[in-house]
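Reader: Hello! I am new to this structure, so could you walk me through it step by step?

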Amino acid sequence: MDAVDVASLQKRKFARWAAITATMATGLVLTILFTLNIGAVHIPFETILDVLMGGGTRFQREIILNTRLPRIILGALVGGALAVAGAAMQGVFRNPMASPYVLGISSGAAFGASLAIVAGVSWLPGEFAIPSMAFIFCFLTLFLVYAISRTKGGFVQVETLLLAGIAVGAFFNALVSLMKYFAGEQLSAIVFWMMGGLWQAEWMDVVVALPMITVGTMILWLLSRDLNTMMVGEEHALHLGLNVNTVRMIILLAASLVTAAAVSVSGVIGFVGLVVPHVVRLLVGPDHRILIPVSLLGGAIFMVWTDTVARTIILPAELPVGIITAMIGAPFFIYLIISRRRKMGW
Amino acid sequence: MKLSVQGVSFCYRSEDVVSDVSFEAGEGQIVGILGPNGSGKTTLLKCINRVLSPKNGTVFINGVDYREKTRKQIAQQIGVVPQSANSSFPFTALDIVMMGRNPDLERFEREKESDLQIVSKAMEMTNTSFLADRPMDQLSGGERQRVIIARALAQRPRIMLLDEPTLHLDVNHQIEILDLISRLAREERMLVIIVTHDLSLAARYCDRIILMRKGRIVSAGDVTQVLTRENMAKVFSINAAIYYDERIGTHNVAIIGAIKEGNE
């Protein structure tokens, strides 16, 4: 048995991580350029480059810079945020089925948002009124689901977690329906939350979501080594000197922050946070130091493409993107349930 | 290195699991905490590195009360091999052993050349180098146990705590693991504390034994002092005898039969 050179193994791993990250980043840039070219109005590719450099007609500039680009950028942000939140939750719950949508957290956030829309209740003014309420309820829901499903040993069982997510999600959905009933003029705004879509995307949404998503993702990425040890087991993490309770709370807060940011600008878009981290984990392995950034990029690419399908498939009308992600995500979820039965692990 | 456990008590709900346990131990020793199921030995082990905080009493590590230390500082001195390693995650053996360096790394620091050397040496000592790029969930129980021991070694601890390190292992692997542990205690001058309910293994490998029943120390001291016929009858309800076995050059326990509860 030859001794494996630990240093070279490690070096090879970091090189592979760098290559994957670079590929994904290039993929995202290409995706953005390519999908800018797709839409009801045909604009040649050279013109798009021209517009991005500051040229083009006024009409072309309006379509590219104020209609398509903010929507694509927002889609990338939302998709990346949901995927990062999903990856972090799967790690912290040691459970491959966790995601913002499955755990009912997106519903909680939607309720917070609809409270702000209908009742005008919030603790921050202006553009941040809705996202801040979404955040509070996001965290409340996440904490509630976690508290319900946690056993004494700190282990969270799949079944209990999913059931708690369904129950809590149903409760908040009912509250949102109640709000809808009393909404009156704001009804359309609430319906938008529940459908999930990006058709109202504006640059202002990007301005609101970007800082929250950046901060939350940075926090999660910086805690990725801790997430790794927690995934091996809480007791192991304690033995390795980690303050598990504190770190777990920070992770849940950060995951809520990015989920809330996504939900408050796009409504409830399901399954992105479930599917993307899984596929990425198959590609790069379980280490959160690479899983978090690649999930961010992968979620962004996935969302921009599905949204492009959503806005072009039944031209001149469009579908809510949530329908498409659910149609891809739900079968994947079923696949997970079946493969778990064969104890595939993750 | 000196470990001093002073009057440690712990209770779950209102039931006392560990009551007023005190002992001292120094480097180069293998101390066995021995007792039947439910005697509080695992709970005591968890109190020693403050995974559980004792209700009363405390632990001094080299004269310093461990309540004055952070978790990280404790992890720099005490390495733990818990009862069983969960298996359903595809981290490689190298990833797992590398986690042993976490207590010494700043939060945002990357592993340095020196960390890699420590990890490399820990894997050599436990004969796990050849497993480095294999996922943990594909390893056998014995291999996985050696990887977890390597991780504890990578913490470069002065004290090593092992909770039933041979449970779920085949007999040949049990001996292999314990040979490794006793070699480490001698060569690295570590203090090793092993929780076990296996009388023969304890008699064979431990220098000192702490015998527990119902959360209390029944007897503590050298192997032959503690594992008397009376003590083993009292604690384990068995008729057993300790003897010196020339074939292994140390003590062994012969279990002659069970004693029905009640007619001691």
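Reader: Is helix 3 of chain A parallel, perpendicular or oblique to helix 13 of chain A?

Author: Happy to help, and please keep in mind that this is a predicted model. Helix 3 (residues 58-92) and helix 13 (residues 288-312) of chain A pack with their axes 6 Å apart, at an angle of about 140°. Angles over 145 degrees would count as roughly antiparallel and 65 to 115 as roughly perpendicular, so helix 3 of chain A is, relative to helix 13 of chain A, oblique.

Reader: Into which classes do the residues of that contact between helix 3 and helix 13 of chain A divide?

Author: The two helices of chain A, 3 and 13, pass each other in a right-handed crossing. The residues of their contact divide into 15 nonpolar, 8 polar and 1 charged.

Reader: Which helix of chain B gives the largest share of the side that touches chain A?

Author: Between the chains, 29 residues of chain B are in contact with 28 residues of chain A. On the chain B side, helix 2 (71-77), helix 3 (93-98) and helix 4 (113-125) each supply at least two residues. By class, that side has 17 nonpolar, 6 polar and 6 charged residues. The largest share, 5 residues, comes from chain B's helix 4.

Reader: Which residues have the most contacts inside the largest nonpolar core?

Author: That core has 190 residues, and helix 3 of chain A gives the largest share of them, 17 residues. Leaving aside neighbours within four places in sequence, B:V97 is in contact with residues including B:V119, B:A122 and B:M123. The residues with the most contacts inside the core are A:V258 and B:V97.

Note on methods
Residues are numbered from 1 along each chain as its sequence is written. Chains are lettered from A and ligands numbered from 1 in the order in which they are written. This is a predicted model: local features need pLDDT of at least 70, side-chain atom pairs count only at pLDDT 80 or more; totals for chains, interfaces and linings use all residues. Axes are lines fitted to C-alpha atoms, for helices over the stretch in contact, and angles run from 0 to 180 degrees between N-to-C directions. Helices (H or I, at least four residues) and strands (E, at least two) are DSSP runs, numbered from the N terminus. Angles under 35 degrees count as roughly parallel, over 145 as roughly antiparallel, 65 to 115 as roughly perpendicular and the rest as oblique. A crossing is left-handed if the near helix is turned anticlockwise from the far one by less than a right angle, and right-handed if clockwise. Ala, Val, Leu, Ile, Met, Phe, Trp, Tyr, Cys and Pro count as nonpolar, Asp, Glu, Lys and Arg as charged, and the others, Gly among them, as polar. Two residues are in contact if their C-beta atoms, placed from the backbone, lie within 7 Å. A nonpolar core is a set of buried Ala, Val, Leu, Ile, Met, Phe, Trp, Tyr and Cys residues joined through C-beta atoms within 7 Å. A residue is buried if 20 or more other C-beta atoms lie within 10 Å of its own, exposed if 12 or fewer, and partly exposed in between; C-beta atoms are placed from the backbone.
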